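Work through the exercises below with the model open. Try each task before reading its solution.

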Amino acid sequence: MNFVQLTEEEYAKFQQHHPYNNFLNSIDTYHLEQMEQLECELVGIKEGQEVLCACLLVKYPMMKLFHYYYAPRGFLIDYSNEKLFSTFTSELKKYIKQKGGVQLIVDPYILYQQRDQEGNVVEGGFSNAKIVQQFINEGYNHKGFSIGYDQNMQTIRWMYAMDLSQYTKESLWKALHQQTRWSINRTIKYQLQVRELGIDELDLFVDIMEKTGERRGFGTRGKEFYKHQMMAYNGALKCKLAYLDTNLLRDYLLKEKEQNNNELNEINEKLLEVPNSKKFNKKKKVIDEAIEINAKKLQEVDSLEKEYGSIIPMAASMFIYDQDEVVYLTSGAYEQFRDFYASYAIQWHVINEAMDLGYKKYNFYGISGNFDPKDENYGVYAFKKGFPGHVEELVGDFELVCRPSIYKLNKIRNSR
């Protein structure tokens with residue numbers, strides 16, 4: 001067995017067919033990091049011409065003279081092969097030390113233990129505690145089973161996912177939480193449209209993200225990064241926009257108005273025959289209210305069109321269409337249009353698209369892992385839980401120290 005640097009072709013071929021493949025350890029991410037001016041390497045162990053294991057290494061600065069390495073979403077390796085894992089670790093440690101690296105951070109794309117929709121551990125479910133112990137046995141420091149968004153290298157240790165293979169579109173619709181169905185129905189009534197943004201339209205996505213970040217207090221990436229993402233993932237990354245077309249909505253409301261007026265005329269004719277009918281008087285009250293609401297909505301459309309134009313962007317989201325799953329990466333929405341529930345329009349559109357394309361999993365991605373309704377981030381989980389799925393907990397970050405003295409010095413420096 002030989003520890004070697006792999007070619008892009010060797011790595012890509014091995015990664016694509018490995019059980020632990022993920023978009024973050026793909027050759028596309030390798031290209032993205034290079035676009036971001038970071039040094040990257042593809043390393044592994046080969047026996048003859050056969051690749052036995054591999055990983056992507058990304059180099060980050062550390063203090064002034066040193067650096068550390070990060071292996072996004074861990075190693076592409078058979079963890080049950082303890083000898084191979086031990087050899088790879090030993091060779092990685094020597095290689096990183098030789099390259100002047102202080103430490104290696106690894107965050108494997110491996111679920112720790114099975115959890116249900118509420119985040120509870122499933123009795124008798126799977127557990128990968130053995131893999132955690134394997135890392136520890138080989139000298140890695142486990143950074144713990146953290147909760148929150150800012151404790152891990154990729155900030156995502158907890159996810160919420162939906163198994164699409166269990167559902168038809170009809171059965172999935174019935175399985176949605178009542179509030180989620182109501183919200184999606186509202187987007188349908190408002191005739192919200194969803195389309196894909198091109199790379200030349202990223203200014204719109206960036207503006208939505210920046211406005212959302214300012215409102216919610218989180219940092220956002222610049223246009224250049226999103227552009228690099230779209231270039232690197234080459235069609236696998238899609239940016240979806242939900243927007244209101246006032247002409248479509250007006251046409252819908254005018255048809256509704258005509259239907260309401262026809263129904264009112266029929267009810268009035270019945271009331272001429274039986275003026276004291278409780279049944280038709282009740283129906284008249286209901287249709288009068290519907291006509292009033294319809295008139296207000298038509299006024300609202302005119303007002304919106306006057307202020308924003310006939311095409312009104314409301315929300316945008318970014319997704320990765322990976323090998324077996326669609327991953328919901330990030331999103332934003334304009335606050336002034338919150339009553340249109342545009343984010344639900346995007347989710348339902350992409351979920352249906354994923355089913356049409358044969359994807360087995362829809363990954364809503366990051367949640368905090370704190371399931372207390374009082375937690376400040378609970379709303380993100382509550383939104384995602386409106387769709388039938390389950391919580392996924394990853395094993396977390398591991399740290400392999402390659403230069404102990406420099407590592408300790410850096411810890412002392414950071415603790416001051």
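**Exercise 1. Classify K143 and its partner, then place both in the chain.**

Solution. Start with accessibility. K143 is partly exposed, because its relative accessibility is 47% and the class runs between buried (under 20% relative accessible area) and exposed (over 50%), with a 1.4 Å probe and protein chains only. E399 is at 6%, so E399 counts as buried. Next, the pairing. K143 and E399 form a salt bridge, with 3.6 Å between the closest N and O atoms. The criterion is a side-chain nitrogen of Lys or Arg within 4 Å of a carboxyl oxygen of Asp or Glu. Last, the location. K143 sits in the loop between β7 (141-142) and β8, and E399 in strand β15 (residues 398-401); this pair links distant parts of the chain, 256 residues apart. Helices (H or I, at least four residues) and strands (E, at least two) are DSSP runs, numbered from the N terminus.

The model is predicted: local features need pLDDT of at least 70, side-chain atom pairs count only at pLDDT 80 or more, and totals for chains, interfaces and linings use all residues. Residues are numbered from 1 along each chain as its sequence is written, and side-chain values use heavy atoms, leaving out hydrogens and water.

**Exercise 2. Find which parts the E41–K99 salt bridge ties together.**

Solution. Take the distance: the closest N and O atoms of E41 and K99 are 3.5 Å apart. Then locate the ends. E41 lies in strand β2 (residues 40-47) and K99 in the loop between α3 (82-98) and β5 (101-106), so the bridge ties together parts 58 residues apart in sequence. Now check the cover. E41 is buried at 11% relative accessible area. K99 is partly exposed at 36%.

**Exercise 3. Trace helix α12 from its salt bridge to its packing.**

Solution. Begin with K385. Its side chain meets that of E118 in a salt bridge of 3.2 Å, N to O. E118 is in the loop between β6 (111-114) and α4 (129-137), K385 is in helix α12, and 267 residues separate them. E118 is partly exposed, with a relative accessible area of 39%. Then list the buried residues of α12 (residues 378-385): Y378, Y381, F383, K384 and K385. They pack against β8 (158-163), β12 (325-333), α11 (342-356), β13 (361-367) and β14 (390-394). Contact here means heavy atoms within 4.5 Å.

**Exercise 4. How many salt bridges does the whole structure hold?**

Solution. A full search gives 24.
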